[in-house]
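Grab a pencil and work through these exercises with the model open beside you. Try each task before you read its solution.

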Amino acid sequence: MTANRKVTARYAEIARFLGLHFNEELCVAYGEKDGFTLRVSGLDTGRGIEYGMVCISVGVAENGVKFEPDKQFRKEHKGIMGVVQEKHTVRMTLKRYVRVEKIKGILQESLPAFLDMLRMEGFTNGCELCGEMKETGAAYVAGNAICLCDECYDKATQNAAAYTANEKNKKENLVGGVVGALIGSLLGAASIILLSQLGYVAAISGVIMAVCALKGYELLGGKLTKKGVIISVVIMIVMTYVGDRVDWAIMIARELETDVFYGYRLLPLLLSEEVIDMTSYVLELVLLYALLLVGAIPTIQNAMRKDKVAGTICKL
């Protein structure tokens with residue numbers, strides 16, 4: 001998880017208000033409350049923790065109880081967006097509020113009622129992984145905070161060590177990675193052409209280009225390294241240019257009622273003869289590269305972060 005200082009200060013204040021521990025690096029509050037181990041966190045958008053939404057997660061034991069969304073609970077507590085069960089975790093999510101005092105007021109009213117409701121429904125405190133009624137503690141596993149029993153924590157530690165060893169032993173296939181990035185970038189170029197032909201210049205084309213190229217390199221190259229990222233970025237830049245040229249070629253072919261290959265070869269002449277305005281052409285290409293940047297930067301950050309935290313585990 002990532003969070004800026006403003007968001008971190010916000011969750012630190014919530015942790016103090018609830019009497020919980022707070023991990024500044026992960027921006028998560030955790031601790032015991034009325035017989036349950038819980039954690040308080042925000043939604044990770046991939047670019048950082050979302051500012052206005054707070055989630056309360058509680059680990060519950062596997063005792064045959066399944067939580068059904070309680071409309072009455074949400075009706076009585078207007079600040080609650082929803083309460084859901086996901087395997088051995090029951091999560092209460094607050095509505096989006098900017099003012100932290102408003103959030104504190106909602107938590108003061110709704111959190112005790114939420115825990116009472118769990119108890120009345122037959123839930124007991126348990127491990128979020130195995131679902132057994134055991135003493136649990138908050139831990140950081142592969143980029144996420146989670147409440148685990150000692151046995152599950154030990155298993156997660158062993159799995160993390162095995163993953164790290166496996167990643168170190170993996171060899172990068174440079175040729176395969178380049179081929180994979182090329183195949184992926186072709187899908188990205190196709191999205192640029194398709195969206196343009198539909199009359200859109202959308203940021204999603206940059207995201208598609210980045211995701212497909214990087215994933216292609218990783219799949220056929222064995223692993224995604226910094227070298228692989230650089231190679232993929234170069235391929236993205238080239239294929240974005242090619243995709244734009246093909247898009248122009250299709251429009252030229254349509255106007256002149258000729259084939260796309262001839263339209264592609266004709267483009268430089270039309271630009272030099274100012275039949276196509278050079279300024280418009282350059283501005284459109286710059287916009288495409290800007291959209292590529294918008295899509296590529298968070299995609300690369302997420303890919304590198306995922307690789308970094310996948311084998312990381314520690315107790316909070």
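## Exercise 1: the small sheet

Strand 7 (residues 137-141) and strand 8 are joined by 5 bridges and run antiparallel. Before going on, a word on the ground rules. This is a predicted model, where local features need pLDDT of at least 70, side-chain atom pairs count only at pLDDT 80 or more, and totals for chains, interfaces and linings use all residues. Residues are numbered from 1 along each chain as its sequence is written, and side-chain values use heavy atoms, with hydrogens and water left out.

Task: work out the strand order of the sheet that holds strand 7, and find its edges.

Solution, step by step:

- Start with the terms: strands (E, at least two residues) and helices (H or I, at least four) are DSSP runs, numbered from the N terminus. Two strands pair if DSSP finds at least two bridges between them.
- Look at the partner of V141: N144 in strand 8 stands opposite.
- Now look for another partner. Strand 7 is also joined to strand 9 by 3 bridges, again antiparallel, and here A139 faces K315.
- Put the pairs together: the 3 strands make an open, antiparallel sheet in the order 8-7-9. Strand 8 and strand 9 (313-315) are the edges, each pairing on one side only. From one strand to the next, the twist averages 30 degrees.
- Finish with burial (buried is under 20% relative accessible area, exposed is over 50%, partly exposed is in between, with a 1.4 Å probe and protein chains only). Strand 8 (residues 144-148) is largely enclosed by the rest of the structure, because 4 of its 5 residues are buried.

## Exercise 2: the six-stranded sheet

Task: give the strand order of the sheet with 6 strands, then say which strands helix 1 and helix 3 lie across.

Solution, step by step:

- The order is 1-2-3-4-6-5, in an open sheet with antiparallel pairing. Strand 1 (21-23) and strand 5 (80-86) are the edges, as each pairs on one side only. The average twist from one strand to the next is 20 degrees.
- Check one pair: strand 4 (residues 55-59) and strand 6 (residues 89-94) run antiparallel and share 5 bridges. Within this pair, I56 sits opposite M92.
- For the helices, axes are lines fitted to C-alpha atoms, for helices over the stretch in contact, and angles run from 0 to 180 degrees between N-to-C directions. Contact itself means heavy atoms within 4.5 Å.
- Helix 1 (residues 5-18) lies across strand 1, strand 2 (28-33) and strand 3 (36-41), at about 165 degrees to strand 1.
- Helix 3 (residues 100-121) lies across strands 2, 3, 4, 5 and 6, at about 155 degrees to strand 6.

## Exercise 3: two positive phi values

Task: where in the chain do D34 and E274 sit?

Solution, step by step:

- Most residues other than glycine have a negative phi, and most peptide bonds are trans.
- D34 has a positive phi near 50 degrees. You'll find D34 in the loop between strand 2 and strand 3, where D34 is partly exposed at 48% relative accessibility.
- E274 has a phi of about 60 degrees, also positive. E274 is in the loop between helix 8 (260-272) and helix 9 (278-309) and is exposed at 69%.

## Exercise 4: helix packing

Task: describe how helix 6 and helix 7 cross, then say which residues G180 contacts beyond its sequence neighbours.

Solution, step by step:

- The axes of helix 6 (residues 204-221) and helix 7 (residues 226-256) come within 10 Å and cross at roughly 135 degrees.
- Angles under 35 degrees count as roughly parallel, over 145 as roughly antiparallel, 65 to 115 as roughly perpendicular and the rest as oblique, so helix 6 and helix 7 are oblique to each other.
- Residues making the contact include M209, A213 and Y217 of helix 6, and G228, S232 and M236 of helix 7.
- Turn to G180, in helix 5 (residues 174-197). G180 is buried at 3% relative accessibility.
- Leaving aside neighbours within four places in sequence, G180 touches C212, A213, G216, Y217 and L220. The C-alpha atoms of G180 and Y217 are 4.6 Å apart, though 37 residues separate them along the chain.
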